[in-house]
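Hi,

Here is the structure I said I would pass on. Have a look at it first, and my notes on what turned up are underneath.

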Amino acid sequence: MKTYEITIKPLSGFGTSLKGDTLFGHICWQAAYDKGLFGKSIDELLADYATNPFLIISTAYPKLQDCHVFKRPDLPLDSLFNFGEIGKAEKIRQRKKYKAKKWMLIKERINSLKAADLYVSDKELFERIIKTTPEDTQRIIRKKGVKSFMSDYSQSHNTINRLTGTTGEGAFAPYAVEQAVYAPDSELVIFAGIRDGVSPEKFKTALQRIGETGFGKDASIGLGKFNVGIVKDIDLAAIGTDKPNACYTLSPSVPNKGAFSEIFFSPFTRFGRHGDVLAKSKNPFKNPVIMADEGAILVPHCDKGGMGGFDVSQRPYIGAAVKNISLAEPNAVVQGYSL
């Protein structure tokens, strides 16, 4: 499996977060629509997914020109920041400050997660991104009062009662739908692990189709649109330390059972729902899946080799496929893998 870095540019708001497992589901639908897309049918692609996945997609991350941006690892703050010998009140203030630094910036190999300049807040990340945007875009951002890379926006909707021609009560009452809106000219990065024999260009084609038709919730009313930029090779093992003692995940995952001595993570429950025609079936919802969210730290059972048999140069992912999650589609699978 080779790993790639793909740039996308949001063109609208998003009703669904760009997480790896959902992106994988959209790609599977593209393969189902077009049996010739990857040279095999979706059934053939998923036949050995539990042992040899054809595709693993990461969550989307902000893009900076001079470094990679990832979610801060889900470790205790004491493991990431030096508090020193300070009083209890000052430590509480420091913890609040450090908790806001939820992004990790990596320019080159890192040897310690306690590097002073490794973490930034939303505001600090936004300021760095603004510095690299054209002056025309900066003026637009200042004029609109944009202050963060991504903001939650509440969009009003209503349903018209065809008998009265107006809104009303109950099912016809106006309601609001939340969406995530990115700053003008923002770019995101997605990482993909693609099995040998599967074309990266075909994967790009599938992403382009998704960007044109819309990703996730409310795509039919204009949400989830994006452009796809360049696709280039990347060695993820070259980003971290040259002597790793743990794994860091780039998407929600279901860790391999019994493979790790310690796991630090934020729980994420995927209340999945089918797409396309199955969204209108009698059982549109999948069984919920509890996952370790992106940014998890997994410590393998170490042996004399140092990483308990995990060789990221040979197998750049961890996790497992999740099956038996649907009554409407017995062959449905959830990406429980992560790069």
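Let me start with the second largest pocket, which holds about 950 Å³ of space. Keep in mind that this is a predicted model. The lining of the second largest pocket runs to 38 residues, and nearest its centre are Gly240, Pro244, Ala246, Cys247 and Tyr248. Strand 1 (2-10), strand 5 (103-106), strand 11 (247-248) and strand 15 (297-300) are the elements that give two or more residues to that lining. Sorted by class, the lining of the second largest pocket has 24 nonpolar, nine polar and five charged residues.

Now the largest pocket: about 1300 Å³ of space lies in there. It is lined by 42 residues, with Gly25, Trp29, Arg273, His274 and Gly275 the closest to its centre. Helix 1 (20-33), helix 2 (42-46) and helix 6 (200-213) each put in at least two lining residues, and helix 1 has the largest share with ten. The class split for the largest pocket is 19 nonpolar, 13 polar and ten charged residues.

One more thing, away from the pockets: helix 5 (residues 135-144). Its buried residues are Thr137, Gln138 and Ile141. These three sit on the same side of helix 5, because the arc they cover around the axis is only 100 degrees. Helix 4 (122-131) is part of what covers them. Over on the other side of helix 5, Glu135, Arg142 and Lys143 are exposed. Right after helix 5 comes Gly145, with a positive phi near 75 degrees.

Cheers

Technical notes: Residues numbered from 1 in each chain as written. Predicted model: local features only at pLDDT ≥ 70, side-chain atom pairs only at ≥ 80, totals over all residues. Heavy atoms only, no water. Buried < 20%, exposed > 50% of the residue type's maximum accessible area, 1.4 Å probe, protein only. Helix = DSSP H or I, 4+ residues; strand = E, 2+ residues; numbered from the N terminus. Arc of directions from axis to C-beta. Contact = heavy atoms within 4.5 Å. 1 Å grid on protein atoms, 1.4 Å probe; cavity = no way out; pocket = protein on both sides within 12 Å on 5 of 7 lines; lining within 4 Å. Points joined across faces, edges and corners; volume = space filled by probe spheres on them. Nonpolar A, V, L, I, M, F, W, Y, C, P; charged D, E, K, R; others polar.
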